[in-house]
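Please look through the structure below with me, one question at a time. The turns that follow take up a helix and then a loop.

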Amino acid sequence: MAHMNEATSAPKNVVIGVSGGIAAYKACHLVRDFKEHGDNVRVIPTESALSFVGAATFEALSGNPVDTGVFKRVDEVQHVRLGQEADLIVVAPATADLMARVAAGRADDLLAATILVATCPVVLAPAMHTEMWHNLATQHNVEVLRSRGITVLEPAHGRLTGKDTGAGRLPDPEAIAQLARTVLATGPMKQTLAGTRVLISAGGTQENIDPVRFIGNRSSGKQGFALGDIAAQRGAQVTIVAGATAELSVPSGAEVVRVQSTREMKDAMDERAAGADIIVMAAAVADYRPESEATTKLKKGKSDDALSVVRLTENPDILKGLVEKRDAGETHATIVGFAAETDNELENGRAKLKRKGADLLMLNSVAGGNVFGQSTNRGWLLSASGEELEIEDGTKHEVAARIWNAIEKLRA
Ligand code: CTP
């Protein structure tokens with residue numbers, strides 16, 4: 001996955017808790033991620049986590065001592081100091097047992113005691129077998145923790161320990177770090193989109209000229225995938241129709257449908273529109289395609305000039321088509337568009353929102369190579385009712401969280 005943790009915030013005191021599951025080895029990458037970001041990292045494993053990864057590894061990676069109990073360095077009263085000084089606590093992996101202990105308010109080791117002291121954002125990244133995750137005891141604990149403002153991330157789906165697959169995998173360390181930083185910047189993730197079906201287009205479409213050449217654009221798909229990631233963490237059922245993108249992590253539980261051309265993207269979006277509650281067209285869609293696609297590679301210097309003059313024809317407008325479906329009652333979805341403008345941004349954005357008929361438009365300024373492929377984004381959210389909200393510079397996950405806040409407000 002592309003590295004997306006460009007520093008947008010000052011260094012923080014980050015406590016990384018590690019409980020005893022096979023995914024404990026991934027915590028090493030998480031420690032690295034925060035260290036590279038410039039943060040001061042203190043690792044607090046549970047006793048059983050040390051059966052998976054040695055204290056020496058965590059000490060060397062974090063540059064700080066590692067203890068599991070409250071009776072080491074008693075003169076420093078570590079749990080109180082660590083809990084009070086922490087700006088962020090991330091526990092990865094968080095086992096069913098760790099979550100049960102935190103939900104019960106226990107303080108029977110250094111990690112649980114530190115969490116009990118802390119008033120900073122706490123993010124738990126669960127990892128366990130599917131049955132343990134779905135167990136009512138675990139689900140009850142998750143509910144209790146979330147009701148107290150603790151963010152419990154949705155586990156990823158995929159290969160578990162052994163041969164089986166299902167929900168319960170620890171998400172990629174980079175994805176955890178990204179989500180944890182988003183919590184720090186925008187507040188705890190709540191299940192505000194539970195039961196909502198979200199359809200997002202992401203990335204750029206490509207139009208073939210011949211078997212080796214295409215017309216494309218600079219979209220990386222990061223903003224669309226970040227929208228999917230935040231929606232999935234807020235409990236939505238997410239489908240992403242993706243054109244060409246950078247290598248990106250699939251958001252927990254999301255379905256990704258790969259397409260190449262604008263017409264393929266249109267078919268994929270149209271097919272799923274009726275079943276969606278919210279549709280976000282974040283993709284950079286190729287407005288034109290070659291009139292015809294050559295079946296063999298075009299050669300230069302040929303008398304027919306086929307390569308130096310590529311005749312183009314206009315592509316369908318996917319967003320406009322979706323709005324027409326909504327107006328015809330074929331979908332009840334809230335429809336959100338994107339706009340990338342290099343100049344006269346607000347004026348062009350307002351006109352585009354009207355022309356397209358979307359409920360909301362996220363207007364990005366792409367002047368000077370801004371936005372495309374970058375880790376940060378900024379702009380304005382324009383609503384059909386005339387409200388305009390400036391979205392300050394932030395990571396694409398932070399921007400996604402703010403866009404979802406606006407969509408949720410609009411639908412409330
Ligand atoms: N869009 C679409 N189908 C197209 C072109 C754009 O669905 N054929 C969608 C984009 O996904 C985005 C919005 O329309 O949500 C605006 O895209 P943008 O490229 O900014 O606008 P265009 O309509 O292409 O206008 P222009 O290029 O003239 O600015």
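Q: How many Å does helix α8 reach from its first C-alpha to its last?
A: In this predicted model, helix α8 runs over residues 173-186 and so has 14 residues, for which a rise of 1.5 Å a residue is expected. The expected span is 20 Å, and the helix comes close to that figure, with a reach from first to last C-alpha of 20 Å.

Q: How many of the 14 residues of α8 are buried?
A: A residue counts as buried when its relative accessible area is under 20%. Among the residues of α8 that meet this description are P173, I176, L179 and V183. The helix is mostly covered, and the number of its buried residues is 10.

Q: Which residue just after α8 takes a positive phi?
A: The helix covers residues 173-186, and the positive phi comes just after α8, with a value of about 100°. The residue that takes this phi is G187.

Q: Is T296 buried or exposed?
A: T296 is found in the loop between β14 and β15, and its C-alpha atom is separated by 24 Å from that of R258, which is 38 residues apart from T296 along the chain. Because the relative accessible area of T296 is 54%, and the cut-off is over 50%, T296 is exposed.

Q: What is the relative accessible area of K299?
A: K299 has its place in the loop between β14 (288-290) and β15 (312-314), and with K297, K300 and K302 this residue gathers in a patch of positive charge on the surface. K299 is partly exposed, because its relative accessible area lies between 20% and 50%. The value for K299 is 48%.

Key
Residues numbered from 1 in each chain as written. Predicted model: local features only at pLDDT ≥ 70, side-chain atom pairs only at ≥ 80, totals over all residues. Heavy atoms only, no water. Helix = DSSP H or I, 4+ residues; strand = E, 2+ residues; numbered from the N terminus. Buried < 20%, exposed > 50% of the residue type's maximum accessible area, 1.4 Å probe, protein only. Patch = residues over 30% accessible without salt bridge, like charges linked within 9 Å, V, L, I, M, F, W, Y side chains within 5 Å. Areas by Shrake-Rupley, 256 points an atom, 1.4 Å probe, with all protein chains shown as cover. Salt bridge = Lys/Arg side-chain N within 4 Å of Asp/Glu carboxyl O. Lys, Arg positive; Asp, Glu negative; His and termini not counted. Charge placed at Lys NZ, Arg CZ, Asp CG, Glu CD.
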